[in-house]
Amino acid sequence: MGEEKPKLMTEDGRRVDGRRPDELRPTEIEVGILKNADGSALIRQGKNRIMVAVYGPRELHPRHLALPDRAIVRCRYHMAPFSVPERKSPAPTRREIELSKVIREALEPAIILEAFPRTTIDIFIEVLQADGGTRTASITAAAVALADAGIPMRDLVAAVAVGKVDGVLVLDLNHLEDQYGGGDMPVAMMPSLEEITLLQADGTFTLEELEKGLKLAMKGIRELYEIQKRALRERYSSLAVELREGRR
Amino acid sequence: MPVFVRSGAIVLPGDVVAEGNYRAGEGVMRTNGRLVSLYLGIARVAREGISVTPFKHIYIPRVGDIVVGKIRDVGVTNWLVDINSPYPAVLQVSEALSRPIDVTKIDLRRYLDIGDVIVAKVIEFDYLRDPMLTIKESRLGKVTEGLLLEFQPSLVYKVIESRLRLIDEVKSKLKCDIYVGKNGRVVVTGARNRLLEVVDLLTMIFEDFSPGSTSRIRARVSRLGRR
């Protein structure tokens, strides 16, 4: 990437897109956007657009993958060819396969898998437009889609990355900050239970930075948690009204 | 020991509904002294405990349940039945026909073919094997005419709890038969030209749970006979 590093932080502490270091990108979640799926959600986080569809619990084929005491979770993270400036081949890359696994493992602890032995819960994540932090945005949206599908869960899962830009800890990295910044640490949590389900890190963090970074991530996660809850409530209060007025 | 929700409030997975010595009902889990909702649904606070009814219910068969199934596949000695559940059901020949037949000579499609609708009872299910059905009882068997409706299985439980008498009344006044499957499917037969009225009433009975709805529906049902 022989390009020169852009200026990521202004003198008065604003970031490339004008945010303060501890500010999330504007985030919206829409629930129930796909009729055929059991549960679905669309997240807009900054320039990211990610669609999630959840199917199940349903019969598992091939049968030999089934577990006798609980459901399995299958997860596919995929980026659309048009999601990035340079066309991305639609075939799953190494990165996408790894992210699928990482996202699945971030969501699994929240799902009550023991309720549905021998079945599968399938999560399809389609990145329509990517601008950094798609794994965390995918987790946030997938948790909402799972709840929408009526799957029992211990808690929702919300996720955000913290990173280091010109020596300053910042919340919710965008693509530029991720590319040229000095570190990136995605965190996923079950906010009510205060349990971490995903913690990765790229770059170098001192112990002090790690602690501060985690605190910052938790602040972002709590904000995202409220957005998730609001999205679900809105969807279902309008549905509840429809039911009451006999329109359905 | 506070309760944090009112009856009828929308709750989400992870929401703390109460703290302390309350009984955790359906859809509620106890974790270190707190009662937490497992589902996106409606909370219900009662003397017996606090429960959450999910908006989208996933039907899990239980022995004794009456279900409405669709034949999905025909085997040599059994049928595979879709019962609107993660677990497909199996109907053995011995649970469908009154006398044994020679399965080497007779094609089971003669009795039930793919797409046929049956009213059946769950006689066995333990998660390790797929549920087994029977149609060898009165009011069970193949549905040859009528209309199939689908509702949320959780609504069926509510209806069975409180509105079965309304359904009986609709049955006798509109001269039809109604089979309510625990899996959310309902079959209406014999209503003739008043079928639309039956569907209308059933939709209200199954989906309208707003305050005062029961008496409103009851009033409509009792008006039926006076034409």
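**Exercise 1. The main core**

Find the largest nonpolar core, name the residues with the most contacts inside it, and say which helix gives the most to it.

*Solution.* The largest nonpolar core has 83 residues, and those with the most contacts inside it are A:Val52, A:Leu107, A:Ala142, A:Ala143, A:Leu146 and A:Val157. Next, look for the element that gives the most to this core: it is helix H2 of chain A, residues 134-148, with 9 residues. Apart from this core lies another, of 19 residues, which includes B:Val67, B:Leu91, B:Leu112 and B:Ile118. Please keep in mind throughout that this is a predicted model.

**Exercise 2. A closer look at H2(A)**

Describe the length of H2(A), its burial and what follows it.

*Solution.* Start with the length. H2(A) has 15 residues and reaches 21 Å from its first C-alpha to its last, close to the 21 Å expected at 1.5 Å a residue. Then turn to burial: 15 of the 15 residues of H2(A) are buried, so the helix is mostly covered, given that a residue is buried if 20 or more other C-beta atoms lie within 10 Å of its own. Now pick A:Leu146 and leave aside its neighbours within four places in sequence; the contacts that remain are with A:Gly39, A:Val54, A:Leu107, A:Ile111, A:Ile151 and A:Met153. Finally, step past the helix: A:Gly150 follows H2(A) and has a positive phi, near 80 degrees.

**Exercise 3. Backbone surprises**

Locate two cis peptide bonds in chain A and two residues other than glycine with a positive phi, one in chain A and one in chain B.

*Solution.* A reminder helps here: most residues other than glycine have a negative phi, and most peptide bonds are trans.

- Step 1. The peptide bond from A:Gly56 to A:Pro57 is cis, with omega near 0 degrees. A:Pro57 belongs to strand E3 of chain A, residues 48-59.
- Step 2. A:His61 and A:Pro62 are also joined by a cis peptide bond, with omega about 0 degrees. A:Pro62 sits in the loop between E3 and strand E4 (72-79) of chain A.
- Step 3. A:Asp166 has a positive phi, near 50 degrees, and lies in the loop between strand E6 (158-165) and strand E7 (168-171) of chain A. A:Asp166 is partly exposed because it has 15 other C-beta atoms within 10 Å.
- Step 4. In chain B, the phi of B:Arg139 is positive, about 65 degrees, though the residue is not a glycine. B:Arg139 is in the loop between strand E11 (132-134) and strand E12 (141-143) of chain B. With 10 C-beta neighbours inside 10 Å, B:Arg139 therefore counts as exposed.

**Exercise 4. Chain B as a whole**

Work out the overall layout of chain B: its secondary structure, box and domains.

*Solution.* Chain B holds 4 helices and 15 strands. The box filled by its C-alpha atoms is roughly 70 × 55 × 20 Å along the principal axes. Of the 227 residues in chain B, 37% are buried. Among contacts in chain B between residues at least 6 apart in sequence, 56% join residues at least 24 apart.

Now divide the chain. Domain 1 of chain B covers 10-54, domain 2 covers 66-143 and domain 3 covers 147-224. Taken over C-alpha atoms, the centres of domain 1 and domain 3 of chain B are 29 Å apart.

**Exercise 5. A small sheet in chain B**

Which strands stand at the edges of the open sheet E1-E5-E6 of chain B, and why is one side of each left without a neighbour?

*Solution.* First, read the order: 3 strands of chain B form the open sheet E1-E5-E6, and the pairing is antiparallel. The edges are strand E1 (10-11) and strand E6 (49-54) of chain B; each has a single partner strand, so one side of each has no neighbour in the sheet. Then check one pairing: E1(B) joins strand E5 (residues 41-46) of chain B in the antiparallel sense over 2 bridges. B:Val11 stands opposite B:Gly41 in E5(B).

**Exercise 6. B:Phe209 and the chain contact**

Is B:Phe209 buried or exposed, and how many residues does each chain bring to the contact between A and B?

*Solution.* B:Phe209 is placed in the loop between helix H3 (195-207) and helix H4 (213-224) of chain B. B:Phe209 counts as buried because it has 20 C-beta neighbours inside 10 Å. From C-alpha to C-alpha, B:Phe209 and B:Arg34 are 29 Å apart in space, and 175 residues apart in sequence.

For the contact, chain B gives 21 residues and chain A gives 30 residues. On the side of chain B that touches chain A, 15 residues are nonpolar, 3 polar and 3 charged.

Notes:
Residues are numbered from 1 along each chain as its sequence is written. Chains are lettered from A and ligands numbered from 1 in the order in which they are written. This is a predicted model: local features need pLDDT of at least 70, side-chain atom pairs count only at pLDDT 80 or more; totals for chains, interfaces and linings use all residues. Two residues are in contact if their C-beta atoms, placed from the backbone, lie within 7 Å. Ala, Val, Leu, Ile, Met, Phe, Trp, Tyr, Cys and Pro count as nonpolar, Asp, Glu, Lys and Arg as charged, and the others, Gly among them, as polar. A residue is buried if 20 or more other C-beta atoms lie within 10 Å of its own, exposed if 12 or fewer, and partly exposed in between; C-beta atoms are placed from the backbone. A nonpolar core is a set of buried Ala, Val, Leu, Ile, Met, Phe, Trp, Tyr and Cys residues joined through C-beta atoms within 7 Å. Domain bounds come from an automatic or database domain assignment. The expected span of a helix is 1.5 Å times one less than its number of residues. Two strands pair if DSSP finds at least two bridges between them.
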